[in-house]
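Student: I'd like to understand how the labels on this model follow from the numbers. Could we go through a few of them together?
Tutor: Gladly! Let's put up the model and start.

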Amino acid sequence: MQRQILQKYADDNGFSNVRFWVDDGYTGYNYDRPAFQEMLAKVENGEIGVIIVKDLSRLGRNYLQTGMYIDIVFPQNNVRFIAIGDNVDSSKGEDDFTPIKNLFNEFHIRDTSRKIRATNKIKVEKGEHISSNAPHGYLKDGKRLVIDPNTAPNVVKIFDLCVNGYGPSQIAEILTKERILTPNAYSYQRTGLEYYAKAMADPYRWHARTIGEMLEYQEYIGHTVNCKTFTYSYRDKKTRHTPKEEQRVIENTHEPIISLETWEIVQRVREGKRRRTKMGEMDKSSGMVFCADCGKRHYFIRGRTLKESQWGYICGTYRHHTHPCTPHSMRIPILEQLVLAHIQYVIGFAKAHEAEFVRQLSDKSAKEHKAVIERQKRDLAKAERRYAELDHHFVRIYEDHVNNRLSDERYQLLSTGYEAEQKQLKSTIASLIEQIEANAEQSQNIDKFIAVVRKHTDIQELDSTILRELIEKIVIHERVRVDGRKHQQVDIHYNFIGVVDVRKLPTEVVKPLESA
């Protein structure tokens, strides 16, 4: 329609050699539009005599820049400017209303931007996926994400490889060798959009950065993550990344591809990244071993002159001489034997005596634990009721004081007492809430660990998957001499439940751990 209006105006007014510049899909606030820049280059080269637009908003919606082109750039290059709908023609002299019309055009885009932000805010609160793109493994079905059966297996494969000790670079190499389409190449194949066309130059070349980003997506566990990027305003179109703590996460909005347990294991793996060196993959425990005294991660010791049985771990602080610390060293065969024996015992006991295991972890029976939480909830409700009563008393004595039914001294005495009691109640309420949340979290964590235990039957050998599924970290103490013999303590911190003190469990199966 606009093309027809412009062509008719040109024909009616004797303008020949007509050419159209069109920027579909670009906002009027953006002056880096390809066709507009091409036209501007011809203006500066003296190839254009007249510019005709349907109305001023078609040239642009930035009040200042539009004015600059109309009042400075076009006149300097002897270009006549015509806006048909706004009755603007530079050959007839300056129009005093043109700047005002440009300002109203900018008001329009400002209002539109405000409405879009408000709409997106509502969508975010509802848990809708506001990004136009879905993460690899999903498709957008209206406002929600649905699993894409063609690419979801790729996501599962990536997470499984990471759990098994492969880093992003290695995973990228594997996917490339297996000729699996990259996310952008698959999107181009599915949609044909020009935006993804560059990926077809090498459609199977995966990059470590892509893998690393995918391994952190919470969308894969069924959560919607919005507001990952932002712009300051409609004037500034530069996209910036929102800090993770400020992103909006709405849980359980769609079907997950990856289980929560697997995702949490991968995050722990990523925190203690296992470096690939010239000698090959790092040890399966690499990144999980820490010093009991300085808290630093242990350094993996190996070399071509050392036998594999001599490989081990040593305190990273001691190894690099950054601060005073002792070696806290331990050979890998001994560490693996100890960890394997500990895991075998803990899993065996937890499966055979689940109720007793839960009791040992919570230091009370499940029934007692539930009773404690219920009592704390009753105490909390009582404290909150009393706090509300004091608010009511405050209002009553204030009214009595104002109406001279209560002396200044009596009012001061009562209000001081109520304030002191409320202050104490506020502290009590906060403490009870913290205790209730901690007890509830402890119960949930024990349940999570029991769920992981049920997946395993007879573990005879350690691998990366088992280690990271069960264990958060391994803490090595320095050797000490007791009664003429050297002893070295190792604390194994299990996921969800922390350190399991086997000394509190039946002694007949602890002896193998002591000799390991």
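Student: Why is arginine 80 called partly exposed?
Tutor: This is a predicted model, and in it arginine 80 has a relative accessibility of 28%. Buried means under 20% and exposed over 50%, with partly exposed in between, so arginine 80 counts as partly exposed.

Student: What makes arginine 80 and aspartate 89 a salt bridge?
Tutor: Their closest N and O atoms are 2.6 Å apart, and the cut-off is within 4 Å, so the pair qualifies. Aspartate 89, at 10% relative accessibility, counts as buried.

Student: How do you know that cysteine 315 has no bond to cysteine 294?
Tutor: The sulfur of cysteine 294 is the closest cysteine sulfur to that of cysteine 315, at 3.5 Å. A disulfide needs sulfur atoms within 2.5 Å, so 3.5 Å is too far for a bond. By this rule the count comes to zero disulfides. Cysteine 291 is in no disulfide either, with the nearest cysteine sulfur, that of cysteine 294, 3.7 Å away.

Student: Why is cysteine 291 called buried?
Tutor: Its relative accessible area is 3%, and buried means under 20%, so cysteine 291 is buried.

Student: What makes glutamate 178 and lysine 157 a salt bridge?
Tutor: Their closest N and O atoms are 3.4 Å apart, and the limit is 4 Å, so this pair qualifies too. The partners are 21 residues apart, with lysine 157 in helix H6 and glutamate 178 in the loop between helix H7 and helix H8.

How values were computed:
Residues numbered from 1 in each chain as written. Predicted model: local features only at pLDDT ≥ 70, side-chain atom pairs only at ≥ 80, totals over all residues. Heavy atoms only, no water. Buried < 20%, exposed > 50% of the residue type's maximum accessible area, 1.4 Å probe, protein only. Salt bridge = Lys/Arg side-chain N within 4 Å of Asp/Glu carboxyl O. Helix = DSSP H or I, 4+ residues; strand = E, 2+ residues; numbered from the N terminus.
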